[in-house]
Amino acid sequence: MENYDYINADSGMSRQHLRADCENCFGLCCVALPFAASVDFAVDKDAGQPCSNLKSDSRCSIHTSLRETGYRGCTVYDCFGAGQKVSQVTFQGYDWREVPGSAKQMYEVFPIMWKLHELLWYLSEALMLKAAYPIQNELQLCIDETERLTNLSANEIINVDFAAHREEVKVLLQRTSKLVRGEGRPGQKVSQGRQKRLEPGAMLFGAKLKGADLKYANLRGAYLIAADLRGADLRGADLIGADFRDTDIRGANLSESMFLTQVQINAAKGDAATKLPASLTRPEHWLT
């Protein structure tokens, strides 16, 4: 897996500022974001409406029993560090409760910051890959520009043309993916008919891919909901935006999968034998 080597051995652990720090956030995900009653949430909640489980100290009153009480979606979610950035930098530590007039604006800024931080997660990974060295300068410039956007004032962030910026990032990430995957070598253990289904945006709901060799597969945005990937080898596979809800990855090797996030891992079903990238954490609910 030489194409996936990091520039240095510790690179996979260097994105601390892109990890949620709830201690320094005002519970923004529990207020700013909406959710609907479903298998993931017990009730409906509108954007800007505080969750009924949110306490006055911005902590969750059912944090230790979220899945048991119908809030599985909360255990999947990750803000990529946007919560503490908005709370402590954009709004300089002023709580939406203390300055009610700022609440609406804070709720508008948070989703945009979340998306910008997600882009930083992908870009920082791309920058660390040896195979992406030919475009390293372009990646660094894009990271710098994205960081600049995250440090704008609240009014400026709300007016950022995020769609245009995301397209620029998308191009660089696609180039990174091609450099890492070479010619996108197909897995040797996957039948010809099945290989045709392994492509960006592929509809793989409930697909039977147990033990499949999916190294360097391009599965960007693929729908892997409830797919059986037990024991599959996904090293070098591009998984950006792939839907991992209830995907069975027990014993699978994702240790060198490309553009994988904590959200995807949290949504999947894994076990102690699942191999993950060093930058991601094994979810506690996998043990139950």
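**A colleague's note on this helical model**

1. Let's start with a single residue. Met203 sits in the loop that runs between α7 (192-195) and α8 (262-267). Keep in mind as you look that this is a predicted model. Is Met203 buried or exposed? Its relative accessible area is 54%, and over 50% counts as exposed, so Met203 is exposed. Met203 also has company: together with Phe205 and Tyr223 it makes up a nonpolar patch on the surface. The accessible area of Met203, Phe205 and Tyr223 together comes to about 320 Å².

2. Now step back to the whole chain. How many helices and strands are there? The protein chain has eight helices and zero strands. If you walk along the sequence, the pattern you read off is α-α-α-α-α-α-α-α. The chain has 288 residues, and 50% of them are buried. As for the outside, the protein chain exposes about 13900 Å², and 51% of that comes from carbon and sulfur atoms.

3. A quick word on contacts. Take the contacts between residues at least 6 apart in sequence: 49% of them join residues at least 24 apart. When you trace the chain on screen, then, look across it as well as along it.

4. On to the aromatic rings. Searching the whole structure turns up eight aromatic pairs. One of them is Phe35 with Phe41: the ring centres are 4.2 Å apart and the planes are at 10 degrees, so this pair is stacked. Phe35 has a relative accessible area of 13%, so this residue is buried. Phe41, at 17%, is buried too. Which residues do ring pairs link into a cluster? They are Phe35, Phe41 and Tyr71.

5. For another ring geometry, turn to Trp96 and Tyr107. This aromatic pair is edge-to-face, with 6.3 Å from centre to centre and 65 degrees between the planes. Trp96 lies in the loop between α2 (82-90) and α3 (103-128), while Tyr107 belongs to helix α3, so the pair ties together parts eleven residues apart in sequence. Both Trp96 and Tyr107 are buried.

6. Rings can also have a charge for a neighbour, and there is an example here. What sits over the ring of Trp121? That would be the charged end of Arg15, 3.7 Å from the centre of the ring.

7. Next, charge against charge. Side chains of opposite charge can pair when their charged atoms come close. A search of the whole structure finds 16 salt bridges. Asp95 and Arg97 form one of these, with their closest N and O atoms 3.3 Å apart. Asp95 has a relative accessible area of 9%, so it counts as buried, whereas Arg97, at 29%, is partly exposed.

8. Two other bridges are worth putting beside that one. Asp243 forms a salt bridge with Arg245, the closest N and O atoms being 2.7 Å apart. Asp243 is buried at 16% relative accessibility, and Arg245 is partly exposed at 42%. Asp248 bridges to Arg250, and here the closest N and O atoms are 2.6 Å apart. Why does Asp248 count as buried? Its relative accessible area is 12%, and buried means under 20%. Arg250 has 37% relative accessibility, so it is partly exposed.

9. Salt bridges can also join up into something bigger than a pair. Have a look at Asp213, Lys215, Asp233 and Arg235, which are linked in a network of salt bridges.

10. Finally, find Ala267, which lies in helix α8. Ala267 is buried, because its relative accessibility is 16%. Which residues does Ala267 touch, leaving aside those up to four places away in sequence? The answer is Val76, Phe244, Arg245 and Asp246. Phe244 is 23 residues from Ala267 in sequence, yet the C-alpha to C-alpha distance is 5.9 Å. Arg245 should ring a bell here, as the salt-bridge partner of Asp243.

Definitions and conventions: Residues numbered from 1 in each chain as written. Predicted model: local features only at pLDDT ≥ 70, side-chain atom pairs only at ≥ 80, totals over all residues. Heavy atoms only, no water. Patch = residues over 30% accessible without salt bridge, like charges linked within 9 Å, V, L, I, M, F, W, Y side chains within 5 Å. Areas by Shrake-Rupley, 256 points an atom, 1.4 Å probe, with all protein chains shown as cover. Salt bridge = Lys/Arg side-chain N within 4 Å of Asp/Glu carboxyl O. Helix = DSSP H or I, 4+ residues; strand = E, 2+ residues; numbered from the N terminus. Buried < 20%, exposed > 50% of the residue type's maximum accessible area, 1.4 Å probe, protein only. Contact = heavy atoms within 4.5 Å. Phe/Tyr/Trp six-rings, centres within 6.5 Å; stacked < 30°, edge-to-face > 60°. Lys NZ or Arg CZ within 6 Å of the ring centre and 35° of its normal.
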